[in-house]
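I opened the notebook to go through this model entry by entry, writing down what I looked up and what came back.

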Amino acid sequence: MKPIFMTYTKKDLINLAVCMVLSVLVIPTFITTEYWYTSILIPWLCLALATIGQQIVMGYTGQLALGAAGFMAAGAFAMFNLILRVPDLGFVGSLIVSGLIAAAFGILFGLPSLKVRGIYLMVATLASQFFIIWMIDKFGWFKNYDSSGIITAQDIVILGKPFTTPLAMYFVCLAVTTVLTLLAMNMARGSTGRNWMAVRDMDIAAESMGVSLLKTKVQAFAISAFYCGVAGALFAFCYLKSLEPVAFDIKLSFKILFMCILGGLGTINGAFIGAAFILLFPVFLNAVGNNVFHGAIDATIISSIEQVIFGGLMIIFMIYEPLGMAKLWENIKQKWKTKISSTNLKSSLSKKT
Amino acid sequence: MEYERKFKIGKPILEVNNISLSFGGVKAITDTSFNVLEHEVRAIIGPNGAGKSSMLNCINGIYKPQQGTVSFKGKQIPDITPNIMAQMGLSRTFQNLALFKRMSVLDNILVGRKLHTKTNFLEVALQLPKVKKEEKLNRDRSEEIISFLEIEDIKDTPVGKLPYGLQKKVELGRALATDSTIILLDEPMAGMNVEEKRDMCRFILKVNDELGTTMVLIEHDMGVVMDISDRVVVLDYGKVIGDGTPDEVRSNQKVIDAYLGVEH
């Protein structure tokens with residue numbers, strides 16, 4: 001298909017339009033229960049954004065990093081302190097600056113990627129996870145010397161208007177996620193993304209073509225941490241509505257890693273698919289437990305089953321479809337297309353005879 | 001083969017002086033010197049393990065020789081890295097194919113345009129007009145190379161799915177996309193059938209003829225080497241044992257003994 005607008009084809013623009021209509025018009029009209037916004041849509045958008053960050057460093061640049069939640073924590077606490085101490089920045093300004101602060105951490109913890117790779121890099125990047133959380137716990141200043149351990153997040157005020165209802169917060173998340181997703185797509189499809197993928201697929205050849213490994217890897221870590229930082233700030237302010245370092249523990253990092261792998265490494269839409277699956281699957285299992293078995297299965301068992309199924313799926317995907325659900329979706333579409341065209345062919349042939 | 005060359009062979013553009021390289025106790029290259037003239041097709045031949053690929057890796061900066069220097073375009077380069085050499089106008093292909101497997105043919109060749117891409121990631125993210133302009137220029141040049149190599153029909157295929165011969169062509173394309181003054185080809189025809197070899201020779205000569213690109217190639221197929229190269233350097237056990245025109249090399253007794261072999 002010929003690109004119309006830069007690297008975008010007509011199909012891409014239609015997809016974008018459909019997504020926008022769905023999320024801006026259809027969802028707010030038809031979904032009225034608060035539960036959907038506060039427990040599903042808002043965390044979905046936040047985590048999808050963090051997963052895009054993970055995709056940039058892992059799916060596109062091929063650096064096995066595990067510490068997304070650490071950068072999210074950096075973003076969240078930076079946001080809290082910026083609103084508290086520099087109120088003139090405003091919500092959007094603070095959001096950008098907290099992303100940049102997370103990006104600074106990303107550069108720092110991305111430096112090991114120049115020397116180590118694979119599983120060793122994963123261990124090295126775990127340092128970000130533990131260091132950032134430790135730092136926030138250790139120095140009271142980050143929590144404004146709050147002794148309770150859980151700080152309530154400030155209200156979101158943009159241009160003097162409060163955004164406190166679930167629907168309003170959903171729109172805040174949606175706007176930020178949409179803008180950042182489009183920027184990520186531009187980068188991924190442009191020369192920036194090509195450099196990332198060149199480093200991922202064959203670093204020596206990339207270097208021989210003039211791609212600087214240092215610059216490309218550090219850049220990917222910085223951008224990734226920026227996305228995670230913004231996602232963390234939104235996660236704390238729109239979803240948790242509180243700030244506690246425990247919320248950004250290693251479990252969340254793993255969750256984002258799973259979203260990234262299940263969704264499909266090296267795809268942007270995979271981030272959304274993966275995040276939706278991992279968020280909705282427990283909800284689905286609970287619903288099955290309550291409605292089919294009428295609570296006969298204990299809740300703890302259900303959550304254990306959830307872990308078993310996630311683990312199993314991870315293995316199955318790694319073996320049979322390393323490109324994840326995004327690729328699976330592509331394959332299904334492809335099959336449909338050939339099926340339709342072949343049935344069309346058959347019917348036109350039978351008409352002739 | 002007496003035809004008028006558009007680009008006359010000029011003065012030395014690449015000089016390798018007294019290079020020695022060893023891995024632990026194993027000496028790969030010992031005190032080797034040779035030069036490459038502007039616009040020529042230069043071949044490096046030698047039996048297996050003669051140090052040919054190691055030589056290219058030294059020139060390109062992937063290996064750091066313990067001794068010796070490399071001068072490029074009249075300048076001695078103190079600390080060679082692949083990146084510096086690329087920026088100075090030296091590109092290369094690899095023996096065992098080093099393509100970006102999950103990217104399409106077009107994208108692979110576009111990576112070769114990296115040094116002609118000046119916009120930064122922020123400008124790319126915001127799709128500023130100058131990014132679009134630059135991208136269009138790079139895409140046009142890549143398409144040109146694709147049609148030059150006659151691989152238009154596979155340009156959107158992921159490279160990993162292509163057969164070996166085509167992958168070799170794509171790798172040549174990627175090296176061409178850099179618009180380098182010199183291209184090092186590490187066994188460009190290894191594992192190809194006669195037809196593919198003939199094609200590859202045609203492309204190498206065509207590039208040299210039309211663009212004036214200096215070509216340095218390593219090759220096993222003696223017939224091919226003698227046909228297309230202007231000068232040949234022969235390595236054996238990491239040492240130069242012959243250097244000159246194909247005819248001179250053919251009649252060199254040392255070369256005959258070491259490589260061409262005495263008749264069985």
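**Entry 1: a threonine in chain B**

I began with T214(B), which has 26 other C-beta atoms within 10 Å and therefore counts as buried. I note at the outset that this is a predicted model. T214(B) lies in strand β8 of chain B, which covers residues 214–218. I then listed what T214(B) touches, not counting residues up to four places away in sequence, and obtained I13(B), V36(B), E38(B), H39(B), E40(B), T181(B) and I182(B). For a distance I took V232(B), which is 18 residues from T214(B) in sequence and 14 Å from it in space, C-alpha to C-alpha.

**Entry 2: other local features of chain B**

I turned to helix α1 of chain B, residues 52–60, and found it mostly covered, with 8 of its 9 residues buried. The buried residues of α1(B) are K52(B), S54(B), M55(B), L56(B), N57(B), C58(B), I59(B) and N60(B). Just after α1(B) I noted G61(B), which takes a positive phi of about 90°.

I also looked up D31(B), which has a positive phi of about 45° although it is not a glycine. The place of D31(B) is in strand β2 of chain B, residues 26–37, and with 14 other C-beta atoms within 10 Å D31(B) is partly exposed.

**Entry 3: domains of chain B and its side towards chain A**

How is chain B divided? I recorded domain 1 as 1–89 + 180–264 and domain 2 as 99–173. The C-alpha centres of these two domains of chain B lie 27 Å apart, and 8 residues of domain 1 of chain B are in contact with 6 residues of domain 2 of chain B. On the side of domain 1 of chain B that touches domain 2 of chain B, α2 (82–88) and α7 (194–211) of chain B each supply at least two residues, and the largest share, 3 residues, comes from α7(B).

Between the chains, I found 32 residues of chain B in contact with 24 residues of chain A. At least two residues each of the side of chain B that touches chain A are supplied by α2, β6 (90–92), α3 (105–111), α4 (121–126) and α5 (129–148) of chain B, and α2(B) gives the most to that side, with 4 residues.

**Entry 4: the largest nonpolar core**

I next looked up the largest nonpolar core, which has 169 residues, and those with the most contacts inside it are C46(A), L49(A), M72(A), Y227(A) and L234(A). Helix α9 of chain A, residues 213–240, gives the largest share of this core, 17 residues. Domain 1 (1–89 + 180–264) and domain 2 (99–173) of chain B both give residues to this core, so it lies between them.

I followed L49(A) further and, leaving aside its neighbours within four places in sequence, found it in contact with T177(A), L180(A), Y227(A), V230(A), A231(A) and L234(A).

**Entry 5: two helix pairs in chain A**

The axes of helix α2 (residues 34–60) and helix α6 (residues 166–189) of chain A come within 10 Å and cross at roughly 20°. Angles under 35 degrees count as roughly parallel, so α2(A) is roughly parallel to α6(A). The crossing in which α2(A) passes α6(A) is left-handed. Among the residues that meet there are L45(A), C46(A), L49(A) and I52(A) in α2(A) and C173(A), L174(A), T177(A) and L180(A) in α6(A).

For the second pair I took helix α4 (residues 90–110) of chain A and α9(A), which pack at an angle of about 140° with their axes 7 Å apart. That angle makes α4(A) oblique to α9(A), and α4(A) passes α9(A) in a right-handed crossing. The contact includes G99(A), A102(A), A103(A) and G106(A) of α4(A), and A222(A), A225(A), G229(A) and A233(A) of α9(A).

**Entry 6: two more residues of chain A**

Is K241(A) buried or partly exposed? With 15 other C-beta atoms within 10 Å, K241(A) is partly exposed. K241(A) lies in the loop between α9 and β4 (242–243) of chain A, and its phi is near 60°, a positive value in a residue other than glycine.

I closed with L257(A), found in helix α10 (residues 250–263) of chain A. L257(A) counts as buried because it has 22 C-beta neighbours inside 10 Å. Leaving aside neighbours within four places in sequence, L257(A) is in contact with Q54(A) and L66(A). L257(A) and G118(A) are 139 residues apart in sequence and 14 Å apart in space, C-alpha to C-alpha.

Technical notes: Residues numbered from 1 in each chain as written. Chains lettered and ligands numbered in written order. Predicted model: local features only at pLDDT ≥ 70, side-chain atom pairs only at ≥ 80, totals over all residues. Core = buried A, V, L, I, M, F, W, Y, C linked by C-beta atoms within 7 Å. Buried ≥ 20, exposed ≤ 12 C-beta atoms within 10 Å, placed from the backbone. Domains from an automatic or database assignment. Contact = placed C-beta atoms within 7 Å. Axes fitted to C-alpha atoms, helices over the stretch in contact; angles between N-to-C directions. Parallel < 35°, antiparallel > 145°, perpendicular 65-115°, else oblique. Left-handed = near helix turned anticlockwise from the far one by under 90°.
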